[in-house]
Amino acid sequence: MTPDRSTPYSVVLGIGGHLPAECVTNAELATRVDTSDEWIQQRTGITRRYIAGPDETTSVLATAAARKALAAADRSPSDIDLVIVATSTPDYTFPAVATQVQAALGITAGAAFDLQAVCSGFVFAVATADKFLRSGSHRCALVIGAETFSRLVDWEDRTTCVLFGDGAGAMVLEARVQPEDARPRGVLTSHLRSDGRHRDKLHTTGGPSSTQSIGHVHMEGKDVFRHAVGMVEDVVRAAFEATGTGPADLDWFVPHQANRRIIDASATKLGIPPEKVVTTVQLHANTSAASIPLALAEAVGDGRIAAGHLVMIEAMGGGFTWGSALIRW
Ligand code: UT7
């Protein structure tokens, strides 16, 4: 839904990304499993990924990204009254990564919780924070996507282990009522969808209540690919429709970074030219819920995304879950 002008909008004040220290190239991976740089690049666009060390847990990566986002936003931890972390790879089954980030930053006000929508997690978290901020219940949110998928993949399974990487990205959103006569800034609309019938196509083989272990990622890649493009199109068109905008109005399209071929096919189907697409899958691989905020941090950092720009984020992932949010930066 598009907010009316008497309610506040959730305005982006800052963004930050953080990657683990160790970078692993395709060539290095090819020494561990039966794969090649050529196969990985041709099928996915990926050239490298970052792998977290033992001390670089999801909450450590999330906290580092959050510090950078707060600095970019010119806000201090005491300004934050809502922390939402999108992750499928928490340090512990509980407590939530969000409460660990809260403690690490010295935040004591408001609420902190994790949200699990796998690769769509960041879009779900932005939409959730937006609803809290628009309702007036909270004022300033840290929205984080953070993952250590390297802990969840089977390093003997070449069909999945080459695809994923670790990292975190964070965004500061603040509630602001905006003047009637100005073009509104902030989250303009968001659209979330889920369909649990697709569970088997992308899931982990374990969990606390079933196997008392975390399991490994299992993906029927071709099937996921086939669904992804249509699902992305569905939610992006919904965002255009809700705001009376179209591809020509967009400054930047920042999709979930799973596979270059999915990104290219989605942009082509939607009529979004390649020069408006932010692509970082080649640099970071698929970092699940962290991929969009990492891509945003990259494009803000190098000056591509600037104040006033219209930015579409979208993702699709396990569940299936999929969603979009249109943001005036
Ligand atoms: O982020 C959540 C959403 N996830 C996605 O969006 C991922 C969606 N799916 C994909 O990105 C692609 O399906 C993959 C990249 C996972 C796979 O690409 P594909 O073009 O669908 O390849 P495929 O699975 O059909 O495999 C083709 C061949 C197979 O060999 P045969 O059966 O043709 O002899 C695989 O065994 O490539 C083989 N293969 C590999 N070869 C070298 C699979 N993985 C590898 C590998 N290295 N790492």
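In which loop is the place of alanine 285? In this predicted model, alanine 285 lies in the loop between helix H9 (281-284) and helix H10 (291-301). Although alanine 285 is not a glycine, its phi is positive, at about 60°. The residue is buried, and its relative accessible area is 0%.

A positive phi was also computed for glutamine 212, which is not a glycine either; here the angle is about 55°. Glutamine 212 belongs to the loop between S9 and strand S10 (217-219). With a relative accessible area of 63%, glutamine 212 is exposed, whereas alanine 285 is buried.

The backbone also contains cis peptide bonds. One such bond links phenylalanine 94 to proline 95, with omega at about 5°. Proline 95 is located in the loop between S4 and H4. Another cis peptide bond connects glycine 319 with phenylalanine 320, and its omega is about -5°. Phenylalanine 320 is situated in the loop that lies between strand S12 (310-317) and strand S13 (321-328).

Helix H4 spans residues 97-105, and its buried residues are Val97, Ala98, Val101, Gln102 and Leu105. These residues lie on the same side of H4, because the arc they cover around the axis is only 145°. The packing partners of the buried residues of H4 are helix H3 (58-73) together with three strands, namely S4 (82-86), S5 (111-115) and S6 (140-148). Glycine 106 follows H4 and has a positive phi, near 75°.

The surroundings of the ligand were examined next. The ligand has 23 residues around it, of which Thr35, Arg158, Lys222, Asn259 and Asn286 come nearest. By class, this shell is made up of 11 nonpolar, seven polar and five charged residues. Polar contacts to the ligand involve both backbone and side-chain atoms of the protein. A polar backbone atom of arginine 158 is found 2.9 Å from a nitrogen atom of the ligand. For lysine 222, an N or O atom of the side chain is 2.8 Å from an oxygen atom of the ligand. Arginine 261 places a polar side-chain atom 3.4 Å from an oxygen atom of the ligand. The ligand taken alone exposes 960 Å², and 74% of that area is buried by the protein. Two or more residues of the shell are given by each of helix H2 (37-44), helix H6 (158-161), helix H7 (221-243) and helix H8 (260-270). Helix H7 supplies four residues, the largest share of the shell.

Threonine 44 is placed in helix H2, one of the elements that give two or more residues to the shell around the ligand. The relative accessible area of threonine 44 is 2%; the residue is therefore buried. A polar atom of the threonine 44 side chain is 2.5 Å from the backbone oxygen of isoleucine 40. When neighbours within four places in sequence are left aside, the contacts of threonine 44 are Leu163, Asn259, Arg260 and Val281. Among these contacts of threonine 44, Asn259 is also one of the residues that come nearest to the ligand.

Two further residues, histidine 203 and arginine 134, were considered individually. Histidine 203 is part of strand S9 (residues 202-204). Its side chain reaches the backbone oxygen of aspartate 200, at 3.1 Å. Not counting residues up to four places away in sequence, histidine 203 is in contact with His216, Val217 and His218. Among these contacts of histidine 203 is Val217, and strand S10 comprises residues 217-219.

Arginine 134 is located in helix H5 (residues 121-135). Buried status requires a relative accessible area under 20%, and arginine 134 counts as buried because its relative accessibility is 18%. Threonine 7 is 127 residues away from arginine 134 along the chain, yet the C-alpha atoms of the two residues are separated by 6.1 Å.

Conventions. Residues numbered from 1 in each chain as written. Predicted model: local features only at pLDDT ≥ 70, side-chain atom pairs only at ≥ 80, totals over all residues. Heavy atoms only, no water. Buried < 20%, exposed > 50% of the residue type's maximum accessible area, 1.4 Å probe, protein only. Arc of directions from axis to C-beta. Contact = heavy atoms within 4.5 Å. Near = heavy atom within 4 Å. Polar contact = N/O pair within 3.5 Å; in protein donor to acceptor, adjacent residues only side chain to side chain. Areas by Shrake-Rupley, 256 points an atom, 1.4 Å probe, with all protein chains shown as cover. Nonpolar A, V, L, I, M, F, W, Y, C, P; charged D, E, K, R; others polar.
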